[in-house]
Amino acid sequence: MQGTVDGFSYGLVTPLVAYLMACLGGALGLRCTTRSMLVTHSWRPGWLALGSAAIGSGIWTMHFIAMMGFRIEDTPIRYDRAMTFASLAVAIVMVGIGIFIVGYRGAGGTALFTGGTITGLGIASMHYLGMAGMSLDGTLEYNTVTVALSVVIAMAAATAALWAAGQIRGFLWTVGASLVMGLAVAGMHYTGMAALDVHVHGSAVPAAGDSPATLLALMLVGPLAFLLLAAVVVIFDPLMVMGKPAPRPVEHKPGIPAHTVPGSGPARRPGTRRPALRYRRPPAPGRSRSPQNR
């Protein structure tokens, strides 16, 4: 029996909140990626890891908030807890691989294509793995062409977002990129949901697993708290907001002369002063200078 699917049982509330969560995770992750390109190599892995976790958590949260509005007539929906949180791990790991490639190789050429492809596949894998964690009295079937379109949307969105992160511009630039990324991620989600067909078995056996309300309560404790913490880091780091490189301190080592900028003249020893230039008045027109004044 063909099941009636309703993806907007709460109206526009769940799509709007889900979109905002995708934008928040994208903005935080992109700023962390940009910050990693402005620091030394010792700090870069930490910023990239923070960005990966922010984007992965934002996408995962977006997916399950949107699933709160998903209903199938005549059958309850439950979620397998292990499969659901495994989709979060897949999202963070695969997004992290793509971000680390761009963070170390640059946001251009082969590195951008490879990083964007892996990140997009991570977004799509999270979506369909989360769908596989659904437990209901029926069978899920997908349209292959629509599924492929959703994967292409995810890869294109991830590539565009990583390119924007590599531009190292101001905070407003990242906000605009995150809005586009959130729209693309939400579009990927609902495109994937449009590919879904449900065949209800009609048996009286209840499905096993957690209800959507219970899963949402668990979800709010972890990823949303992490996104709040990442937002605090972004707000209190002026370099991440302005997008300017951090000044590199000059190292003073005994026996090693300081480096000078080309064209600035030879380096001076500490404590020495330049000789003052004496000003001499030019002779008046028509008058010759005597030997005593020369």
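Start by selecting Met 134 in this predicted model. Leaving aside residues up to four places away in sequence, Met 134 touches Met 67, Phe 70, Ile 77, Arg 78 and Tyr 79. Show those side chains as sticks and keep Phe 70 in view, as you'll want it for the next stop.

**Out into the core**

Which residues have the most contacts inside the largest nonpolar core? They are Phe 70 and Met 134, and the core around them runs to 59 residues. To see who supplies it, colour these elements: α1 (13-36), α2 (44-67), α3 (81-105), α4, α5 (144-165), α6, β6 (196-200) and α8 (223-235), each of which puts in at least two residues. Pick out α2 in a brighter colour, since α2 gives the most to this core, with twelve residues.

**α5 against α6**

Now hide everything but α5 and α6. Their axes sit 8 Å apart, at an angle of about 170°. Anything over 145 counts as roughly antiparallel, so α5 and α6 are roughly antiparallel to each other. For the contact itself, select Thr 146, Leu 149, Ser 150, Ile 153, Ala 154, Ala 157, Ala 161, Trp 163 and Ala 164 on the α5 side. Facing them from α6 are Trp 173, Ala 177, Met 181, Ala 184, Met 188, Thr 191, Gly 192 and Ala 194. Colour this contact by class and you'll get 13 nonpolar residues, four polar and no charged ones.

**α4 against α6**

Keep α6 (residues 171-194) on screen and swap α5 for α4 (residues 109-132). This pair packs at about 40°, with the axes 11 Å apart, and that angle makes α4 oblique to α6. What is the handedness of the crossing of α4 and α6? It is right-handed.

Next, select Ile 123, Ala 124, His 127, Tyr 128 and Met 131 in α4. They meet Val 185, Met 188, His 189, Gly 192 and Met 193 in α6. By class, the contact of α4 with α6 holds seven nonpolar residues, three polar and no charged. Click on Met 188 and Gly 192 before moving on: both are in the α6 side of this contact, and both also turn up where α6 meets α5.

**Zoom out**

Finally, bring back the whole protein chain, with its nine helices and six strands. Of its 294 residues, buried ones make up 40%. If you draw the contacts with a separation of 6 or more, 86% of them are accounted for by residues 24 or more positions apart.

Note on methods:
Residues numbered from 1 in each chain as written. Predicted model: local features only at pLDDT ≥ 70, side-chain atom pairs only at ≥ 80, totals over all residues. Heavy atoms only, no water. Axes fitted to C-alpha atoms, helices over the stretch in contact; angles between N-to-C directions. Helix = DSSP H or I, 4+ residues; strand = E, 2+ residues; numbered from the N terminus. Parallel < 35°, antiparallel > 145°, perpendicular 65-115°, else oblique. Left-handed = near helix turned anticlockwise from the far one by under 90°. Contact = heavy atoms within 4.5 Å. Nonpolar A, V, L, I, M, F, W, Y, C, P; charged D, E, K, R; others polar. Core = buried A, V, L, I, M, F, W, Y, C linked by side-chain atoms within 4.5 Å. Buried < 20%, exposed > 50% of the residue type's maximum accessible area, 1.4 Å probe, protein only.
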